[in-house]
Amino acid sequence: MDYRTNSGRRIGQVDNSMKSDKNYFVHFSAIVDEGAEIGEGSRIWHFAHVCGGARIGKGVSLGQNVFVGNKVVIGDKCKIQNNVSVYDNVTLEEGVFCGPSMVFTNVYNPRSLIERKNEYRNTLVKRGVTLGANCTIVCGVTVGEFAFIGAGAVIKGNVLPYALMVGVPARHVGWMSEYGERIPLPIKGDGEYTCPHTGSLYILVGSSLNKQEKIND
Ligand SMILES: CC(C)(COP(=O)(O)OP(=O)(O)OC[C@H]1O[C@@H](n2cnc3c(N)ncnc32)[C@H](O)[C@@H]1OP(=O)(O)O)[C@@H](O)C(=O)NCCC(=O)NCCS
(Lines give C-alpha, C1' and ligand atoms only; values in the text may rest on other atoms or scores of the structure.)
Protein backbone atom coordinates (compact mmCIF):
# COMPACT_ATOMS: atom_id res chain seq x y z
CA MET A 1 0.00 0.00 0.00
CA ASP A 2 1.38 3.44 -0.92
CA TYR A 3 -0.36 6.56 0.46
CA ARG A 4 0.76 10.13 -0.16
CA THR A 5 0.27 13.33 1.84
CA ASN A 6 -0.78 16.61 0.14
CA SER A 7 2.87 17.55 -0.20
CA GLY A 8 3.52 14.30 -2.05
CA ARG A 9 5.46 12.70 0.77
CA ARG A 10 4.93 8.98 0.78
CA ILE A 11 3.48 7.37 3.87
CA GLY A 12 2.22 3.90 4.64
CA GLN A 13 5.34 1.99 3.67
CA VAL A 14 7.72 0.34 6.03
CA ASP A 15 11.32 1.47 5.96
CA ASN A 16 13.48 0.12 8.71
CA SER A 17 16.62 1.96 7.73
CA MET A 18 18.01 5.08 9.38
CA LYS A 19 17.57 8.14 7.17
CA SER A 20 20.92 8.40 5.46
CA ASP A 21 21.80 11.95 6.50
CA LYS A 22 20.55 11.62 10.06
CA ASN A 23 21.80 9.74 13.08
CA TYR A 24 18.29 9.03 14.34
CA PHE A 25 15.45 6.92 12.93
CA VAL A 26 12.14 8.25 11.65
CA HIS A 27 9.58 5.79 10.31
CA PHE A 28 8.25 6.74 6.90
CA SER A 29 4.75 7.31 8.22
CA ALA A 30 5.91 9.81 10.90
CA ILE A 31 5.96 13.58 10.37
CA VAL A 32 8.80 15.65 11.79
CA ASP A 33 8.31 19.36 11.14
CA GLU A 34 11.26 21.45 10.06
CA GLY A 35 13.26 22.88 12.93
CA ALA A 36 12.72 20.05 15.40
CA GLU A 37 15.89 19.07 17.24
CA ILE A 38 16.32 15.32 17.61
CA GLY A 39 19.29 13.71 19.34
CA GLU A 40 21.47 10.88 18.16
CA GLY A 41 20.05 7.36 18.31
CA SER A 42 16.45 8.46 18.86
CA ARG A 43 13.65 6.46 17.21
CA ILE A 44 10.36 7.87 16.01
CA TRP A 45 7.78 5.23 15.13
CA HIS A 46 4.66 4.91 13.02
CA PHE A 47 2.33 7.93 12.64
CA ALA A 48 4.13 10.08 15.21
CA HIS A 49 4.11 13.88 14.74
CA VAL A 50 6.88 16.10 16.10
CA CYS A 51 6.34 19.88 15.84
CA GLY A 52 9.14 22.20 14.67
CA GLY A 53 9.94 23.77 18.04
CA ALA A 54 10.38 20.49 19.91
CA ARG A 55 13.73 19.62 21.47
CA ILE A 56 14.29 15.89 21.84
CA GLY A 57 17.41 14.42 23.39
CA LYS A 58 19.53 11.39 22.55
CA GLY A 59 18.32 7.79 22.63
CA VAL A 60 14.66 8.77 22.95
CA SER A 61 11.89 6.44 21.75
CA LEU A 62 8.58 7.86 20.53
CA GLY A 63 6.02 5.08 20.01
CA GLN A 64 3.20 4.79 17.54
CA ASN A 65 0.87 7.82 17.30
CA VAL A 66 2.89 10.01 19.68
CA PHE A 67 2.48 13.80 19.34
CA VAL A 68 5.15 16.26 20.51
CA GLY A 69 4.24 19.97 20.62
CA ASN A 70 6.39 23.03 19.89
CA LYS A 71 7.18 24.14 23.41
CA VAL A 72 8.33 20.76 24.62
CA VAL A 73 11.67 19.49 25.89
CA ILE A 74 12.27 15.75 26.12
CA GLY A 75 15.46 14.62 27.86
CA ASP A 76 17.85 11.86 26.83
CA LYS A 77 16.69 8.23 27.06
CA CYS A 78 13.00 8.99 27.60
CA LYS A 79 10.59 6.27 26.44
CA ILE A 80 7.21 7.50 25.30
CA GLN A 81 4.79 4.67 24.59
CA ASN A 82 1.97 4.54 22.05
CA ASN A 83 -0.74 7.22 21.88
CA VAL A 84 0.84 9.82 24.18
CA SER A 85 0.52 13.54 23.36
CA VAL A 86 3.23 15.70 24.91
CA TYR A 87 1.64 19.13 24.72
CA ASP A 88 3.21 22.60 24.90
CA ASN A 89 4.70 23.56 28.29
CA VAL A 90 5.58 19.99 29.23
CA THR A 91 9.22 19.27 30.11
CA LEU A 92 10.53 15.76 30.62
CA GLU A 93 13.98 15.39 32.12
CA GLU A 94 16.29 12.45 31.39
CA GLY A 95 14.95 8.89 31.48
CA VAL A 96 11.23 9.53 31.91
CA PHE A 97 8.93 6.61 31.03
CA CYS A 98 5.47 7.58 29.72
CA GLY A 99 3.20 4.52 29.70
CA PRO A 100 0.80 3.82 26.84
CA SER A 101 -2.07 6.30 26.43
CA MET A 102 -1.14 8.39 29.47
CA VAL A 103 -2.35 11.99 29.28
CA PHE A 104 -0.67 15.36 29.76
CA THR A 105 -2.73 18.57 29.88
CA ASN A 106 -1.78 22.23 29.60
CA VAL A 107 -4.99 24.20 30.20
CA TYR A 108 -6.39 23.87 33.71
CA ASN A 109 -9.96 24.97 33.02
CA PRO A 110 -10.57 24.64 29.27
CA ARG A 111 -13.66 26.00 27.55
CA SER A 112 -14.05 25.67 23.84
CA LEU A 113 -15.61 29.16 23.60
CA ILE A 114 -12.88 30.93 25.65
CA GLU A 115 -9.33 31.37 24.29
CA ARG A 116 -6.82 30.21 26.91
CA LYS A 117 -3.60 29.88 24.86
CA ASN A 118 -1.89 32.41 27.14
CA GLU A 119 -2.86 30.50 30.25
CA TYR A 120 -0.91 27.29 29.71
CA ARG A 121 0.48 25.90 32.96
CA ASN A 122 3.91 24.25 33.05
CA THR A 123 4.39 20.59 33.86
CA LEU A 124 7.86 19.39 34.89
CA VAL A 125 8.59 15.68 35.09
CA LYS A 126 11.95 15.11 36.70
CA ARG A 127 14.63 12.53 36.00
CA GLY A 128 13.77 8.85 36.03
CA VAL A 129 10.02 9.20 36.67
CA THR A 130 7.57 6.47 35.54
CA LEU A 131 4.11 7.61 34.44
CA GLY A 132 1.95 4.46 34.33
CA ALA A 133 -0.36 3.50 31.51
CA ASN A 134 -3.45 5.66 31.14
CA CYS A 135 -2.58 8.03 34.02
CA THR A 136 -3.41 11.74 33.76
CA ILE A 137 -1.19 14.65 34.84
CA VAL A 138 -3.28 17.76 35.48
CA CYS A 139 -1.09 20.70 34.40
CA GLY A 140 0.91 22.98 36.68
CA VAL A 141 2.73 20.33 38.71
CA THR A 142 6.23 18.99 39.27
CA VAL A 143 6.70 15.25 39.53
CA GLY A 144 9.82 14.59 41.63
CA GLU A 145 12.79 12.43 40.63
CA PHE A 146 12.07 8.71 40.22
CA ALA A 147 8.48 9.05 41.41
CA PHE A 148 6.26 6.22 40.17
CA ILE A 149 2.70 6.98 39.06
CA GLY A 150 0.53 3.85 38.97
CA ALA A 151 -1.60 2.89 35.98
CA GLY A 152 -4.73 5.02 35.73
CA ALA A 153 -3.82 7.50 38.49
CA VAL A 154 -4.83 11.17 38.29
CA ILE A 155 -2.13 13.55 39.54
CA LYS A 156 -3.37 16.97 40.70
CA GLY A 157 -0.45 18.28 42.77
CA ASN A 158 3.31 18.10 43.14
CA VAL A 159 4.74 14.64 43.72
CA LEU A 160 7.65 13.89 46.05
CA PRO A 161 10.81 12.21 44.72
CA TYR A 162 10.52 8.38 44.85
CA ALA A 163 6.80 8.55 45.80
CA LEU A 164 4.46 5.80 44.59
CA MET A 165 1.10 7.38 43.74
CA VAL A 166 -2.03 5.38 42.85
CA GLY A 167 -5.74 5.98 42.39
CA VAL A 168 -8.12 8.79 41.49
CA PRO A 169 -7.28 11.28 42.84
CA ALA A 170 -3.82 9.84 43.36
CA ARG A 171 -2.74 8.99 46.91
CA HIS A 172 0.81 8.60 48.16
CA VAL A 173 0.88 4.94 49.20
CA GLY A 174 4.60 4.21 49.39
CA TRP A 175 8.05 4.64 47.89
CA MET A 176 9.72 3.16 44.80
CA SER A 177 13.45 2.64 44.28
CA GLU A 178 15.33 3.76 41.18
CA TYR A 179 15.38 0.07 40.27
CA GLY A 180 11.55 0.13 40.22
CA GLU A 181 10.70 -1.88 43.33
CA ARG A 182 8.83 -1.00 46.50
CA ILE A 183 10.91 0.41 49.35
CA PRO A 184 9.58 -1.07 52.58
CA LEU A 185 9.52 2.17 54.57
CA PRO A 186 6.51 4.10 55.91
CA ILE A 187 5.22 7.29 54.29
CA LYS A 188 6.50 9.27 57.30
CA GLY A 189 9.11 8.62 59.94
CA ASP A 190 12.78 7.72 60.01
CA GLY A 191 14.44 4.73 58.44
CA GLU A 192 16.90 3.32 55.96
CA TYR A 193 16.76 0.79 53.13
CA THR A 194 19.49 -0.67 50.95
CA CYS A 195 18.48 -1.76 47.45
CA PRO A 196 19.58 -5.39 46.97
CA HIS A 197 20.12 -4.80 43.23
CA THR A 198 22.17 -1.61 43.21
CA GLY A 199 23.43 -1.27 46.78
CA SER A 200 22.02 2.26 46.94
CA LEU A 201 21.05 3.50 50.40
CA TYR A 202 17.69 5.28 50.78
CA ILE A 203 17.16 7.41 53.88
CA LEU A 204 13.74 8.53 55.11
CA VAL A 205 13.69 11.66 57.25
CA GLY A 206 10.23 12.89 58.19
CA SER A 207 8.23 12.85 54.99
CA SER A 208 11.08 12.94 52.47
CA LEU A 209 13.12 10.11 51.07
CA ASN A 210 16.57 10.64 49.60
CA LYS A 211 19.14 8.37 48.02
CA GLN A 212 22.66 8.55 49.34
CA GLU A 213 25.27 8.23 46.63
CA LYS A 214 27.54 5.22 47.01
CA ILE A 215 31.07 6.12 48.03
CA ASN A 216 33.56 3.82 46.33
CA ASP A 217 36.50 2.60 48.44
C1 LIG B 1 2.07 0.36 41.15
C2 LIG B 1 2.36 -1.03 40.61
C3 LIG B 1 3.80 -1.11 40.08
C4 LIG B 1 2.20 -2.06 41.73
O5 LIG B 1 3.18 -1.88 42.71
P6 LIG B 1 3.22 -2.85 43.99
O7 LIG B 1 4.32 -2.40 44.87
O8 LIG B 1 3.23 -4.26 43.52
O9 LIG B 1 1.85 -2.46 44.68
P10 LIG B 1 0.71 -3.41 45.20
O11 LIG B 1 0.11 -4.17 44.06
O12 LIG B 1 1.20 -4.18 46.40
O13 LIG B 1 -0.38 -2.34 45.64
C14 LIG B 1 -0.28 -1.53 46.79
C15 LIG B 1 -1.65 -0.88 46.95
O16 LIG B 1 -1.88 0.04 45.89
C17 LIG B 1 -2.99 -0.39 45.08
N18 LIG B 1 -2.62 -0.20 43.68
C19 LIG B 1 -1.52 -0.66 43.04
N20 LIG B 1 -1.50 -0.22 41.78
C21 LIG B 1 -2.61 0.52 41.62
C22 LIG B 1 -3.14 1.23 40.55
N23 LIG B 1 -2.49 1.29 39.37
N24 LIG B 1 -4.31 1.90 40.73
C25 LIG B 1 -4.95 1.86 41.92
N26 LIG B 1 -4.49 1.19 42.99
C27 LIG B 1 -3.35 0.52 42.82
C28 LIG B 1 -3.20 -1.85 45.43
O29 LIG B 1 -4.54 -2.25 45.23
C30 LIG B 1 -2.80 -1.87 46.89
O31 LIG B 1 -3.83 -1.34 47.67
P32 LIG B 1 -4.18 -1.91 49.17
O33 LIG B 1 -2.90 -1.69 49.95
O34 LIG B 1 -5.32 -1.05 49.61
O35 LIG B 1 -4.48 -3.34 48.95
C36 LIG B 1 1.37 -1.44 39.49
O37 LIG B 1 0.06 -1.63 40.06
C38 LIG B 1 1.24 -0.43 38.38
O39 LIG B 1 0.36 0.44 38.37
N40 LIG B 1 2.18 -0.54 37.39
C41 LIG B 1 2.20 0.30 36.21
C42 LIG B 1 2.10 -0.60 34.96
C43 LIG B 1 2.19 0.23 33.72
O44 LIG B 1 1.55 1.24 33.59
N45 LIG B 1 3.03 -0.19 32.80
C46 LIG B 1 3.22 0.56 31.57
C47 LIG B 1 4.10 -0.21 30.62
S48 LIG B 1 3.19 -1.50 29.84
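Q: What makes strand β24 and strand β25 (residues 182-183) count as paired?
A: Two bridges join β24 to β25, and a pairing needs at least two bridges, so these strands qualify. They run antiparallel, and one of the partnerships is that of M176 with R182 in β25. Please keep in mind that this is a predicted model.

Q: What makes G180 stand out in the hairpin of β24 and β25?
A: Its backbone angle: G180, in the turn, has a positive phi of about 95 degrees. The hairpin has five residues between its two strands.

Q: How do you know that β23 (residues 163-166) and β24 (residues 171-176) pair?
A: They share four bridges in the antiparallel sense, and at least two are needed, so the pairing holds. Within it, A163 has W175 in β24 as its bridge partner. This hairpin has four residues between the strands, and G167 takes a positive phi near 95 degrees there.

Q: What does β23 pair with in the parallel sense?
A: Strand β21 (residues 148-149) pairs with β23 in the parallel sense over two bridges. Two bridges meet the minimum of at least two, so this counts as a pairing. Here I149 has M165 in β23 as its bridge partner.

Q: Why is the sheet that holds β23, β24 and β25 called mixed?
A: The word describes the pairing along its 10 strands, in the order β3-β6-β9-β12-β15-β18-β21-β23-β24-β25. Both senses occur in it: β21 and β23 pair in the parallel sense, whereas β23 and β24 pair in the antiparallel sense.

Q: What makes β3 (25-26) and β25 the edge strands of this open sheet?
A: Each of these two strands pairs on one side only.

Q: Which strands form the open sheet with parallel pairing, and which are its edges?
A: That sheet has six strands in the order β5-β8-β11-β14-β17-β20. Its edge strands are β5 (37-38) and β20 (142-143), each pairing on one side only. Two bridges join strand β17 (residues 123-125) to β20, and in this pairing L124 stands opposite T142.

Q: Why is G75 called buried or exposed?
A: G75 has 22 C-beta neighbours inside 10 Å; the threshold for buried is 20 or more, so G75 counts as buried. It is found in the loop between β11 (72-74) and β12 (79-80). Leaving aside neighbours within four places in sequence, G75 is in contact with G57, L92, E93, E94, G95 and V96. The C-alpha atom of R127, 52 residues away along the chain, is separated from that of G75 by 8.5 Å.

Q: Why is G191 placed in its exposure class?
A: G191 has 13 C-beta neighbours inside 10 Å. Exposed means 12 or fewer and buried means 20 or more, so G191 counts as partly exposed. This glycine lies in strand β26 and, beyond four places in sequence, is in contact with L185 and L204. G191 and L204 are 13 residues apart in sequence and 5.1 Å apart in space, C-alpha to C-alpha.

Q: What makes β26 (residues 189-194) a strand that is hardly covered?
A: The count of buried residues among its six residues is zero. Strand β26 still has a partner: it pairs with β27 (residues 201-206) in the antiparallel sense over six bridges, with Y193 opposite Y202 in β27. Six residues lie between the strands of this hairpin, where G199 takes a positive phi near 80 degrees.

Q: Which residues touch the most other members of the largest nonpolar core?
A: Of its 50 residues, these are V68, V86, A147, I149, I155 and M165. β23 gives the most to this core, with three residues. I149 also touches T130, L131, G132 and C135, among others, not counting residues up to four places away in sequence.

Q: What makes the ligand shell a blend of residue classes?
A: It has five nonpolar, five polar and one charged residues. Around the ligand are G99, P100, G132, A133, G150, A151, G152, V166, G167, V173 and R182. Arginine is classed as charged, so R182 is the charged member.

Conventions:
Residues are numbered from 1 along each chain as its sequence is written. This is a predicted model: local features need pLDDT of at least 70, side-chain atom pairs count only at pLDDT 80 or more; totals for chains, interfaces and linings use all residues. A residue is near a molecule or strand if its C-beta atom, placed from the backbone, lies within 6 Å of it. Two residues are in contact if their C-beta atoms, placed from the backbone, lie within 7 Å. A nonpolar core is a set of buried Ala, Val, Leu, Ile, Met, Phe, Trp, Tyr and Cys residues joined through C-beta atoms within 7 Å.
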